[in-house]
Amino acid sequence: MTMTTSLTAPVGLTAAGRTARRTRALHWIAVHSLAIAAALFFVLPFVFVALTALMSDQQALTRNLWPDSWHWENLRTVWETPGFLTWWKNTLLYAGLGTALTLLSSIPVAYALARFRFRGRNLALMLVIATMMLPPQVVIVPMYLFWAKQLHLSGTLWPLIIPMAFTDAFTIFLLRQFLLTIPKDYVDAAKVDGCGEFKALVRIVLPMARPAIAAVALFQFFYCWNDYFGPQIYASENPAAWTLSYGLESFKGAHHTNWNLTMAATLLVMAPVIILFFFAQKAFIEGVTLTGVKG
Amino acid sequence: MTTASSVVKSGPGLRGKQRRDRLRILAFLSPWLIGVSVFFLYPLISTVYFSFMKYDGFTPPTWTGLKNWSYVFTDYPFFWPALRNTLWLVIVMVTLRVLFGLGIGLLITKVKTGAGFFRTAFYLPYLAPPVAATMAFAFLLNPGTGPVNNILGSIGLPQPGWFNDPAWSKPALTLLALWGIGDLMVIFMASLLDVPQDQYEAASLDGAGAWQKFRYVTLPNISPIVLFAVVTGIIQTMQYYTQPLVAGKVASGVIGGSGQQFQPGYPENSTLTLPQLVYNLGFQRFDTGGASVVALVLFALAMLFTALLMRRRSGFLGTDD
């Protein structure tokens, strides 16, 4: 290299470096301003709901955004509303038992669809995907007649819980996608050691699939917790069988001029899923990623 | 693998082993075989049957041929509005959700400071139970005292009627759907992080700017995910039920358990969707036949887009090889 280049190069570098640093700083400011604006869009609704939930009855009728006085007892009033605790218990039963049954029934099916080759496997897979994409309303009329007229179970949540003992398509699909990533050698090694297929599933595959199982369990729990259509069809005739999601809207009926109690109830219905999310954030994000990217 | 090992071990025990293998597969699949027969195939066939019958749930069904079909397509006042709304939602809501999800996904991959906070804040609304989220938005957007119109008014902007105005009810639902963008954000974020870095470096060496890198590197890499988001968005729109129903109920003031009957679609049919028609016909009008016809239309639409998804996304089924 000649003298000129070695002399000019450092000068050029500092000038370029300064512009580069300025561009980077501007870029940082632009990105983070946008992020703050977006965060306001996502967070403010929660804030307004919470603020209104703590207003007095009179103030909730006004256009004020900030409570004059804080009425924490609103949350208590909602909690002690006749039925609220029952809805809470019903929702927990539906979501808890439903999730447990779904896992028990779906894990062996997902395993079979991932590991065994057999005639009709592709047909089975297509049926799983078809049922996964099926709007529940498509089969609701015959299903209602089946549960209500033949088994006399309308007015309970059993028509929603029992089917989960016979697998859930979304759970099968997601678990299978994950199980395909587990090398066969592990299972084959276990079988050489004298494990049967079922034992290999329980001892070897399940521990390896724990993150995926946690993710599908969360999805199923949230699905049940959020379900509105199912309880509307089967439980609406019997308030003792209502769930939180279904009971919540009756709050608006009972307190139709006051938003504060309705928003307090809304907050109490949102709270459990959000708390659960903070405990299981990683499993959750992994699960969502699994739905779209792997495959 | 099972078949392979049984072939290797060919000999006198082959027959018995094959039968054992087949029984084992059957045992593993049995909960699903029962489930899919009782909760999918049987009711689907039954729905086809009821679509040709007159049946109110009480007196025995009688054959009516195509009457239910012609009733739904010509005389039932809610069918075409619901289909038009579905088309609107597919064109506007699905498109905006995909664009917004991609934008938020891009943004979160660029954020350096407080990334954890922003990711959580962007994701949380997706978790809000649909009924609760809809109630919250019905309050936020209520034309009288709602915070949104309050703020719009104070800066001198027009204050729409949102869920109370047929022209604004679907935009309000779209706003609610954009609020819950968390699922798409995570999917786009993961796919953006999967784009090979060396392709960006190569583009930089060629002198590509930010837009050119996005256009010629990012987009081609994530296009399968964009397609996936569009098609699953359309399928979700076919199932769109809770939000429009609850929004209509809350805004109209007709609400409350098993009490008053709610005419779906408030205001002026603008929030009608196909699943609501199944409920309206089957459970409010006791017209099992009409409900079955709408259910079959819904089924056909959902399966059409599911087939599209499976065909275009070749890896969707996955393989075990």
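These notes walk through a predicted model, with most attention on chain B.

1. **Domains of chain B.** Chain B splits into two domains. Domain 1 covers 2–50, and domain 2 covers 77–317. The C-alpha centres of domain 1 and domain 2 of chain B are 39 Å apart.

2. **The largest nonpolar core.** This core holds 163 residues. B:M185 and B:V294 touch the most other members. Helix α3 (residues 84–115) of chain A supplies the largest share, twelve residues. Chain B contributes from both of its domains: domain 1 (2–50) and domain 2 (77–317) each give residues, so the core lies between them.

3. **Around B:M185.** Start here when looking at the core. Leaving aside residues up to four places away in sequence, B:M185 touches B:G101, B:I104, B:G105 and B:I108. B:F122 and B:Y123 are also touched by B:M185.

4. **Helix α4 of chain B.** This helix runs over residues 79–110, 32 residues in total. From first C-alpha to last, helix α4 of chain B reaches 45 Å. That is close to the 46 Å expected at 1.5 Å a residue. Yet the helix is not free of a bend: α4(B) turns by about 30° at B:L89.

5. **Where the chains meet.** How many residues of chain B are in contact with chain A? The count is 83, set against 79 residues of chain A. On the chain B side, helix α2 (residues 14–50) gives the most, with 17 residues. By type, the side of chain B that touches chain A has 56 nonpolar, 21 polar and six charged residues.

Key
Residues are numbered from 1 along each chain as its sequence is written. Chains are lettered from A and ligands numbered from 1 in the order in which they are written. This is a predicted model: local features need pLDDT of at least 70, side-chain atom pairs count only at pLDDT 80 or more; totals for chains, interfaces and linings use all residues. Helices (H or I, at least four residues) and strands (E, at least two) are DSSP runs, numbered from the N terminus. The expected span of a helix is 1.5 Å times one less than its number of residues. The bend at a residue is the angle between axes fitted to the seven residues ending there and the seven starting there. A nonpolar core is a set of buried Ala, Val, Leu, Ile, Met, Phe, Trp, Tyr and Cys residues joined through C-beta atoms within 7 Å. A residue is buried if 20 or more other C-beta atoms lie within 10 Å of its own, exposed if 12 or fewer, and partly exposed in between; C-beta atoms are placed from the backbone. Domain bounds come from an automatic or database domain assignment. Two residues are in contact if their C-beta atoms, placed from the backbone, lie within 7 Å. Ala, Val, Leu, Ile, Met, Phe, Trp, Tyr, Cys and Pro count as nonpolar, Asp, Glu, Lys and Arg as charged, and the others, Gly among them, as polar.
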